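Here is a quick tour for anyone meeting this structure for the first time. Have a look at the sequence and the model, then read on.

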Amino acid sequence: MQNKEGFGHQAIFEHVYKNAPIGIALVSVEEQWISVNPALCNFFGLMEVEVMKLRAADFIYPENVNNIEDLLDFMNGVSTFEAEKRYSHTNGEIIWASLHVSLVRDESDGKPLFFISQVIDITKSKVAEIKLLESIERYTSLKKYNHDAIISFGMEGIILNGNQMAEQVSGYSIAELIGTSVAKLIGEKNLANILLALEDYTKVEKDINYIQNKEGSAVEVLATLAPIIIHNQNVGFYIIAKDMTDQKKLIIEKEAAEKTNKAKSEFLAMMSHEIRTPMNGVIGMTDLLIDTSLDPEQIEYVQIIKKSGDTLLMIINDILDFSKIESGKTELVEEPFSVRTMLSETLHIILPKALEKNLEITTSVFPDVPSIVLGDITKLRQVIMNLLSNAIKFTPNGAVAISVQRAAQEEDRVSLQFAIRDTGLGVPQEKIVHLFDPFYQVDNFMTRTVEGTGLGLAICKKLVHLMGGDIWYEPCLEQPGSAFIFTASFQIQTHPDSMLYDTSAEQDKLIENPLKVLIAEDNEVNQIVIKKMVEKLGYNSTTVQNGKEAVDACERYPYDIIFMDIQMPVMDGLEATKKIRETLSAKKKPYIVAVTAHAIKGDREKYLAVGFDEYISKPISIDAISNVIDKFPSLK
């Protein structure tokens, strides 16, 4: 193998320089030509002296650099760079080149000496790429609008292509249309207006009302013009024509239906108001009458009148609410409120109905649910009340559960998800699709066992949409029952921690009694039950939602008795009891009662061993509460 040094570097360089298939240019740092090879001259179809008259800077600059100082700074961190550039051939055609530019420096001090630019002809591949891009863009546009008649034509008005719907509307085949003037379909005047319009095609579109059919008839259309933009240049137009023969009939029918529906809603709203006024008088006078001296038979008659009046008023309220929403007269009234307090108050209202049927009601509010939000508490409560009432109404036995969790959050807005589940009758699969339709009832009107208008879920759906959410039904797969789930959007409100106790603190002042009772329970229904039992025994109480709040409450105020639920979020009852025992002195230590749903043999001894003073199991009776309180004085 021969040594390459024997041939001489200079000879090798000169041979490669003159015979290389790519153009090579040497350019000084002063942007002056040093030398160009024959391939570069052939690239432009020029002689060497003609190439030397071209601007040398066009062969060494990337697109984002326009002076030598910036170029040298740019090359300071890189040895070479690539760029695509467009030039003009001597025959007037556009040619594309890929530049590979490197900077030669002095080996001793690194001083920039000159640039070497290698110029590769990529015209063929670039043209193929452009044509492919044009083809894709045309195809994509045609495919996007293929539900209407679409015809493309160039800037001379000559038809380039069309789709199948264009054949149906015009009566011509695509082969017959291509190469002919679009004026035979839309008229010479409309074509002239299109070609004269610069940007705003709205007026031109309105003038194109008909497409001339091959048979000589005119098809009424709704036309849209879309310019074909390729490389930022307008090269033609799409005319998108919707056949309005059937559509116009549908539009007229739709407008008539909307007017009829609006008139119906306004009539219902007016009539509901007219009926409510005398009905309020009937119910009000019945309430007064029932408090007068009546014999048992008269009381029975008055109670029947009152019940019938309440039922009728409920029906009227449903119709009024629905008609107000339908006529667009319902607006959100936003104010800050506590989701947990709202839920507790709502359950307090609905609880008697559940107790009548001996149903268990449970609640769960996830810790990530904000304490205070800005929203329409009245409409939210109306939706929850409606769904809870339905759950209780259609659940002969078992339980109803409501849960609240955060579905999504963006900056200062949060979407909450509310779920109401029951163990009731469920909904047949074929009737689920109609659940939220107005006036629809799952049970047939001839055989139904519950009262109602069938508007409740329709109202819920509209109110939920008004609050920026959605509502849906989910069947229970493992057991009988239903689940109604909805979301609603609220603005998050910042508030001091003390607000968590404001409501219960105000309630505690209702009863003046030296015995101070704290209820630590995360379930709002159980809070209400225990609180009402304590009040019936003549004592006031404070409620908190978890173990941490119980510990904080004991540090602020000396409680005598604590009814401590074992399973709670944030901090459970066991950990809370341990911390209270550790932090409070012997004189201030409260009497702590473990409250748990477990009733296994040995539980009482287990809880007494870890610091509790007493133990009661759920379901809690007023006798159990009374026994605990009765024991307290003797223990002091």
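Over how many bridges do strand S6 and S7 pair? The pairing of S6 (residues 149–154) with S7 runs over 3 bridges, in the antiparallel sense.

## Before we dig in

This is a predicted model, where local features need pLDDT of at least 70 and side-chain atom pairs count only at pLDDT 80 or more, while totals for chains, interfaces and linings use all residues. Residues are numbered from 1 along each chain as its sequence is written, and side-chain values use heavy atoms, leaving out hydrogens and water.

Helices (H or I, at least four residues) and strands (E, at least two) are DSSP runs, numbered from the N terminus.

## The sheet

S6 and S7 belong to an open sheet of 5 strands, ordered S7-S6-S10-S9-S8 with antiparallel pairing. To count as paired, two strands need at least two DSSP bridges between them. At the edges sit S7 (159–162) and S8 (210–212), each pairing on one side only. Zooming in, Ser152 has Asn161 in S7 as its bridge partner.

## Helix H4

Now for H4 (residues 68–75). Its buried residues (under 20% relative accessible area, 1.4 Å probe, protein chains only) are Ile68, Leu71 and Met75. They're on the same side of H4 because they cover an arc of only 60° around the axis, going by the directions from the helix axis to the C-beta atoms. An α-helix has 3.6 residues a turn, so residues three or four places apart point the same way.

What do the buried residues of H4 pack against? They pack against strands S3 (80–88), S4 (94–105) and S5 (112–121), with contact meaning heavy atoms within 4.5 Å. The face turned away from the buried side carries Glu69 and Asp73, both exposed (over 50% relative accessible area).
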